[in-house]
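Hi,

Here is the structure I promised to pass on to you. Have a look at it first, and then read on for what turned up.

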Amino acid sequence: MIPMLLSALVNTFAPGLFNIGGVSEAFFTSAGTNYIIGAICFCSGAGIDIKEIVPILKKYGTLMLVKTILCIGAGVLYIHFFGLSGIWGISAVALIAVICSTNPSLFIALINDYDKGLDKGAFGFIGLFCVPAYPIFVYSISRAADISWMPILSTFLPVLAGVIIGNLDKNFADLFAPAVAPLIPFMGWIFGASINIFDAFRSALTGTVLV
């Protein structure tokens, strides 16, 4: 949250400060969003051990399947009763984005304290549900629209590349898998680079007042 807040402050009071092209613009603005997400997907995939995929799927696959069903159900009901524009200033896409949210930073922090072996290996799998393609998938099903598979495929390919490299050479897995946590603050900064604090406050205030 802190990197995102700092980035949002910069974007609010000095918009365009880093829009100078080249490396600086790619690093400090939302122009680098897809690359950061791709890097996290790749590193997450590198942490997936194929030998542990069956027990991981039994445990976390079941949990995420139940979560997906609940999210789709909530999305369908919300759209049915309130439409895509929603109620109290909360649109359907906003609701679905929130209920689909998974905090990878919190997950990695908890498993470092309470890890029993299998949980740490599941981080790569959980990472698949921390990318924008997941709420897009749920949103498309909820509104009975055609599913756009390209965002899902574009997210899956870096994960697959990470899985292949991480399993071909354990040294690569040890190198890339731990990089997920350090990349999270950079992702927060990138997301904050597109936020105007005053606009966000007005939007939140509108929803609160309407409630």
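Let me begin in a loop: proline 132 sits between helix 8 (123-127) and helix 9 (133-142). Please keep in mind throughout that this is a predicted model. With a relative accessibility of 39%, proline 132 is partly exposed. Its C-alpha atom is 8.9 Å from that of isoleucine 37, although the two residues are 95 residues apart along the chain. Isoleucine 37 belongs to helix 3 (residues 33-46) and is buried, its relative accessible area being 11%. Cysteine 130 can be set beside this pair: from isoleucine 37 to cysteine 130 the C-alpha distance is 9.3 Å, across 93 residues of sequence.

**The chain overall**

The secondary structure consists of 13 helices and 0 strands, so your topology diagram will be a plain one, reading α-α-α-α-α-α-α-α-α-α-α-α-α along the sequence. The chain has 211 residues, and 34% of them count as buried. If you take the contacts between residues at least 6 apart in sequence, 79% of them join residues at least 24 apart.

**Helix 4**

Helix 4 covers residues 53-82. Where is its kink centred? The kink, of about 35°, is centred on tyrosine 60. Tyrosine 60 is also one of the buried residues of this helix, a list that runs Ile56, Tyr60, Gly61, Met64, Lys67, Thr68, Cys71, Ile72, Gly75, Tyr78 and Ile79. After the helix comes glycine 83, with a positive phi near 75°.

You will have spotted a lysine among those buried residues. What does the side chain of lysine 67 reach? It comes to 3.3 Å from the backbone oxygen of cysteine 100. Setting aside residues up to four places away in sequence, lysine 67 touches Ile99, Cys100, Ser101, Thr102 and Tyr134.

**Cysteines**

Cysteine 100 comes up again with cysteine 71, another of the buried residues in helix 4. The relative accessible area of cysteine 71 is 4%. Its closest cysteine sulfur is the one in cysteine 100, at 3.9 Å, and a disulfide needs the two sulfur atoms within 2.5 Å, so this pair is too far apart for a bond. How many disulfides are there in the end? The count comes to 0. Cysteine 43 is buried as well, with a relative accessible area of 6%.

**Aromatic rings**

The structure holds 6 aromatic pairs. One of them joins phenylalanine 18 and phenylalanine 28: the ring centres are 4.4 Å apart and the planes meet at 20°, so the pair is stacked. Phenylalanine 18 lies in the loop between helix 1 (2-13) and helix 2 (22-28), while phenylalanine 28 is in helix 2, so the pair ties together parts that are 10 residues apart in sequence. Both rings belong to partly exposed residues, phenylalanine 18 having a relative accessible area of 22% and phenylalanine 28 one of 28%.

Phenylalanine 28 also pairs with phenylalanine 27, and here the geometry is edge-to-face, with 4.9 Å from centre to centre and 90° between the planes. Phenylalanine 27 is partly exposed too, at a relative accessible area of 42%. Ring pairs link these three phenylalanines with Phe186 and Trp189 into a cluster of Phe18, Phe27, Phe28, Phe186 and Trp189.

**Helix 12 and serine 7**

Trp189 takes us to helix 12, where the buried residues are Val180, Leu183, Ile184, Met187, Gly188, Trp189, Ile190 and Gly192. Does the length of this helix fall short of, or agree with, what its residue count leads one to expect? At 1.5 Å a residue, the 13 residues of helix 12 (residues 180-192) should span 18 Å, and the end C-alpha atoms are 19 Å apart, which agrees.

Trp189 also has a contact with serine 7: leaving out neighbours within four places in sequence, serine 7 is in contact with Trp189, Gly192 and Ala193. Serine 7 is in helix 1 and counts as buried, at 2% relative accessibility.

That is everything from me for now. Enjoy looking through it!

Best wishes

Technical notes
Residues numbered from 1 in each chain as written. Predicted model: local features only at pLDDT ≥ 70, side-chain atom pairs only at ≥ 80, totals over all residues. Heavy atoms only, no water. Helix = DSSP H or I, 4+ residues; strand = E, 2+ residues; numbered from the N terminus. Polar contact = N/O pair within 3.5 Å; in protein donor to acceptor, adjacent residues only side chain to side chain. Contact = heavy atoms within 4.5 Å. Phe/Tyr/Trp six-rings, centres within 6.5 Å; stacked < 30°, edge-to-face > 60°. Buried < 20%, exposed > 50% of the residue type's maximum accessible area, 1.4 Å probe, protein only. Expected span 1.5 Å × (residues − 1). Bend = angle between axes of the 7 residues up to and from the residue.
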